[in-house]
Every structure is written in C-alpha cells, then in structure tokens.
Amino acid sequence: MKTFSALIAVCLVGAGALAAEPPKESDRDQQQLAALTKEVQGQQTAIADNQKKIDEKLAAIAEAIRLAKIYAARGK
C-alpha cells in the first residue's frame, strides 16, 4: 500500500511539474515571437527605405530621359 501511495505521490508531483512547464515554454515562445517581430519590423523598414531610394532613382532617370527627348527634338 505504501508503494501504491508513493507511486500516486510521484505521479502527482510529475503532473505538477508538467503543468508548470508550459508557462516556461510559453514565455520562451513569446520571447522568440517578440524577437522575430522586431526582426521583421526592421526588415520592413529596410525594404521601405530601399523602395524610396529606387523611386528617387527612377524619377531621376525619367527626368534625364525627358530632357534627352527635349534636346533631341530641338536638334532636328
């Protein structure tokens, strides 16, 4: 009977330990999620900055083409 009681006690302690683990995993998962979120936000900022640079360069090229067309039309 003592062995049976000891087995039940061990199972209850084990169940309590298992019940305590998910918050640790959950906290770790939340920390990983927060880190990934910050990384994605940084990447989105970099992409937005790069897109702005691309738009500026395209505008400069469009202006150069416009001027080239004007000068080419005057030369005829």
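Which residues make the nonpolar surface patch of about 370 Å²? In this predicted model, the patch is formed by I54, L58, I61 and I65, and one of these residues, L58, lies in helix α1.

The setting of that patch is a plain one, since the protein chain contains 1 helix and 0 strands, with helix α1 spanning residues 2–74. Of the 76 residues in the protein chain, 0% count as buried, where buried means a relative accessible area under 20%. The accessible surface of the protein chain amounts to about 6,900 Å², and carbon and sulfur atoms account for 65% of that surface.

Helix α1 also carries a charged pair. Side chains of opposite charge can pair when their charged atoms come close. Here the side chains of R66 and E63 meet in a salt bridge, with a distance of 2.7 Å from N to O, and the count for the model comes to 1 salt bridge. Because R66 and E63 stand 3 residues apart in helix α1, about one helical turn separates them. As for their surroundings, R66 is partly exposed, with a relative accessible area of 43%, and E63 is likewise partly exposed, with a relative accessible area of 34%.

Key
Residues are numbered from 1 along each chain as its sequence is written. This is a predicted model: local features need pLDDT of at least 70, side-chain atom pairs count only at pLDDT 80 or more; totals for chains, interfaces and linings use all residues. Side-chain values use heavy atoms; hydrogens and water are left out. A salt bridge is a side-chain nitrogen of Lys or Arg within 4 Å of a carboxyl oxygen of Asp or Glu. Helices (H or I, at least four residues) and strands (E, at least two) are DSSP runs, numbered from the N terminus. Buried means under 20% relative accessible area, exposed over 50%, partly exposed in between (1.4 Å probe, protein chains only). Patches are made of residues with over 30% relative accessible area and no salt bridge: like charges are joined within 9 Å, nonpolar side chains (Val, Leu, Ile, Met, Phe, Trp, Tyr) within 5 Å. Accessible areas come from the Shrake-Rupley method with a 1.4 Å probe; for residues, only the protein chains shown count as cover.
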